[in-house]
Amino acid sequence: MTIRELINMANSEAASLRVLRREERLKEIYSRCPELQQADKDITDLTGKRLVAKIDKNDKLVKILDEQISKREEQRDLIIKSSRIDPDYNEEVFICSKCSDTGYITGSDGTRKVCSCRKDLIEEAVNDSGMADYASFDMKHYRNDYLGNGKAREKILNSMVSIMMNSGAYKDKSLWLYSDKPQSGKTYLAICVCKAAIKLGKSVYYIKCEDIGYTAESVSDVLKTADYIVIDDFAGEVTQDHVCGSAVNALIETRSATGLKTVLVSAMPKDDLISACDMRIAGKIKNCGDIK
Ligand SMILES: [Zn+2]
């Protein structure tokens with residue numbers, strides 16, 4: 001499941017829990033203060049009667065009931081005061097006050113993030129998004145200069161993040177290519193950006209090129225609709241496999257049509273890819289954005 005689906009599920013659990021907690025609180029307060037329970041019941045009954053009178057256009061009765069309701073409400077307020085009951089006793093209380101049980105908070109820079117109360121779901125989403133084998137890959141440990149040439153890596157990282165955030169000059173293109181020599185830390189960087197995206201509440205998938213066309217249907221559905229996907233180990237000959245080539249081509253087309261971001265990660269230079277790839281895919285790579 002994507003982080004969004006996980007959060008939605010957790011949110012409906014929180015909603016049920018809120019109702020349950022309210023019921024329990026009411027039960028406890030009513031057993032302590034039966035006259036409050038009676039007052040609440042009377043107000044509910046009178047309000048129901050008022051609704052019927054209103055539908056019947058019986059203005060005289062509406063007026064009478066209005067008076068009765070406010071009288072009873074006044075009596076209830078006195079009970080609340082004298083019994084020292086929290087005036088909000090009847091309200092549902094958010095389980096997490098930080099995010100009001102939405103699962104998201106907006107930082108001072110305006111960026112929406114997954115709330116800390118949903119932190120455990122991030123790991124679950126990472127595992128469900130093709131990255132179960134990369135538990136140790138984390139932005140916390142990421143260093144641009146780890147393999148030398150720190151400035152260039154920093155630029156690439158910034159571009160990858162901007163593509164993922166769909167910001168500025170990166171808005172227009174859907175398909176992007178990150179090509180660099182073998183053993184240059186491409187996978188590490190790509191995974192870190194995917195994980196960061198999940199923390200921002202985005203749906204993400206990381207997949208090796210050779211697996212496309214051979215995954216479960218649920219995965220291919222996510223690949224089509226996720227906000228951001230990375231296709232790693234992208235190579236010309238892999239796309240020559242009939243099943244994989246057709247699936248990659250269809251995937252890129254679907255995602256481009258809806259403006260979703262797709263990043264190809266390859267150890268092959270762009271020109272080599274264009275000449276080695278399945279023809280349909282080569283045409284798309286010609287026009288893709290370059291991550292530099
Ligand atoms: Zn929260």
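Trainee: Which residue is the bridge partner of Ile229 in E6?

Mentor: In E6, Ile229 has Thr262 as its bridge partner. Keep in mind that this is a predicted model, in which local features need pLDDT of at least 70, side-chain atom pairs count only at pLDDT 80 or more, and totals for chains, interfaces and linings use all residues. Residues are numbered from 1 along each chain as its sequence is written.

Trainee: What makes E5 and E6 a pair?

Mentor: Two strands pair if DSSP finds at least two bridges between them, and strand E5 (residues 228–232) is joined to E6 in the parallel sense over 4 bridges, so the two count as paired. Strand E3 (residues 175–179) also pairs with E6 in the parallel sense, over 5 bridges, and here Val265 in E6 is the bridge partner of Tyr178.

Trainee: Why is E6 called a strand, and why is E6 described as mostly covered?

Mentor: Strands are DSSP runs of E with at least two residues, numbered from the N terminus, as are helices, which are runs of H or I with at least four; E6 covers residues 261–266, so E6 satisfies that rule. A residue is buried if 20 or more other C-beta atoms, placed from the backbone, lie within 10 Å of its own, exposed if 12 or fewer, and partly exposed in between. In E6, 6 of its 6 residues are buried, with Lys261, Val263 and Val265 on one side and Thr262, Leu264 and Ser266 on the other.

Trainee: What share of the 292 residues in the protein is buried?

Mentor: Buried residues make up 29% of them.
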